[in-house]
Amino acid sequence: MLKTVTGKSATNAAALLAAGELVAIPTETVYGLAGNAFSKKAVAKIYSVKKRPRSNPLIVHIASIEQLPLVAKKIPVAAQRLAAAFWPGPLTLVLPKKDTVAAIVTAEQNTVAVRVPDHPLTLELLNITGFPLAAPSANPFNYISPVTAKHVALQLNGLIPYILDGGRCQSGVESTIIGFEKGRPVLLRHGAIPKEVLEAHLGVKIKVAKKITGGVKQPGMFKKHYSPKTPFSLVEDMSQVNPLFRTGYISLQHKWPYVPAKLQVQLSPTGNLAEAARNLYEALIRLDGLGLHSIVAERMPDEGLGVAMNDRLQKAAAR
Ligand code: TXA
Ligand code: MG
């Protein structure tokens with residue numbers, strides 16, 4: 001077992017990564033479990049630490065749009081426009097890959113998922129390493145994505161040497177993933193940038209992928225995902241629920257006067273979906289640590305960030 005150290009040094013993190021080790025990194029969405037994207041050995045470690053099937057490809061993180069040609073080629077105009085507008089930021093683009101990117105990163109596909117994360121410490125790190133970082137969310141496969149260094153320590157203690165502590169993640173849900181079909185954008189995963197925002201920028205409607213394309217399991221294709229260990233269910237309206245003993249509740253705003261405060265989370269007392277998204281995984285992880293009989297969450301309004309949150313909540317509730 002390794003000793004896992006938490007710290008704020010991008011230099012330490014870079015040295016470990018250059019030596020082929022894994023480091024947990026902060027991003028604006030969730031923490032990532034990073035390794036040198038150009039090292040097959042480091043990438044293999046990512047799959048094994050996460051217990052992630054090798055059929056599920058990783059996102060490659062780069063320092064800036066200028067590094068895109070290191071990993072991708074034949075970049076559609078729509079992708080260039082999205083990257084120019086939203087990077088650094090929570091938008092992942094799936095593009096034809098360069099041969100420099102090993103098959104293990106992309107699960108044998110000829111496309112690579114890539115983004116520039118919007119976090120000062122991780123951007124500093126990427127500028128020191130000079131190589132891109134392959135990084136899935138830093139949770140064991142199927143568990144909830146960590147949004148603090150502490151969450152990472154809870155989930156991966158003893159499995160990685162270093163957690164780069166960049167504080168609490170700002171947006172709190174994973175990046176939006178966009179692929180391209182004949183140059184046209186297709187949404188592969190709802191995420192921190194609502195689809196309408198991307199559509200408004202491009203001036204076109206973005207189709208939502210329904211099916212597995214190219215034989216690959218897309219982000220949304222694993223039905224059960226993001227799951228707490230405690231039995232978890234979803235309701236439409238928390239105010240209609242009769243609270244039970246030893247149950248945790250997560251709603252947007254609903255508050256019962258007689259349920260203990262630590263068992264009921266209001267994700268945003270003012271109904272702000274950005275605030276709610278920032279608090280969602282924290283709430284799930286905390287309640288999951290209490291040894292309850294069950295956790296009940298309320299569906300969010302199906303608009304803006306609520307769409308990505310509902311996608312995660314539905315997958316967490318899937319059996
Ligand atoms: O916000 C995020 O995207 C975070 C931070 C760390 O960047 N990362 C993240 O990674 O959510 P992960 O591995 O948990 O989810 C990435 C998703 C996977 O579901 C994978 O199937 C999909 O991206 N993906 C990766 N490469 C792909 C490709 N070439 N084609 C289609 N989907 C791909
Ligand atoms: Mg993940």
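Which elements, β10 among them, are included in what covers the buried residues of α10? To find out in this predicted model, begin by selecting helix α10, residues 305–317, and then display β10 (184–189), β12 (232–235), α9 (273–288) and β15 (294–298), which are included in that cover.

Stay with the helix for a moment and mark its two end C-alpha atoms, which are 19 Å apart; this agrees with the 18 Å that 13 residues should span at 1.5 Å a residue. Next, colour the buried positions of α10, including Leu305, Met309, Asp311, Arg312, Leu313 and Lys315. Eleven of the 13 residues are buried, so α10 is largely enclosed by the rest of the structure.

Now move to ligand 1 and select the shell of 22 residues that surround it, in which the closest are Thr29, Asn56, His61, Ser137 and Ser175. Zoom in on the side chain of Thr29, where an N or O atom is 2.7 Å from an oxygen atom of the ligand, and then turn to Ser175, whose side chain has an N or O atom 2.5 Å from an oxygen atom of ligand 1. At Arg189, a polar side-chain atom lies 2.9 Å from a ligand oxygen atom. With a surface switched on, consider that the protein covers 97% of the 680 Å² of accessible area that ligand 1 has on its own.

Finally, highlight β4 (59–61) and β6 (111–115), the elements that give two or more residues to this shell; β6 gives the most, with three residues. Colouring the shell by residue class shows nine nonpolar, eight polar and five charged residues around ligand 1.

Methods
Residues numbered from 1 in each chain as written. Chains lettered and ligands numbered in written order. Predicted model: local features only at pLDDT ≥ 70, side-chain atom pairs only at ≥ 80, totals over all residues. Heavy atoms only, no water. Near = heavy atom within 4 Å. Polar contact = N/O pair within 3.5 Å; in protein donor to acceptor, adjacent residues only side chain to side chain. Areas by Shrake-Rupley, 256 points an atom, 1.4 Å probe, with all protein chains shown as cover. Helix = DSSP H or I, 4+ residues; strand = E, 2+ residues; numbered from the N terminus. Nonpolar A, V, L, I, M, F, W, Y, C, P; charged D, E, K, R; others polar. Expected span 1.5 Å × (residues − 1). Buried < 20%, exposed > 50% of the residue type's maximum accessible area, 1.4 Å probe, protein only. Contact = heavy atoms within 4.5 Å.
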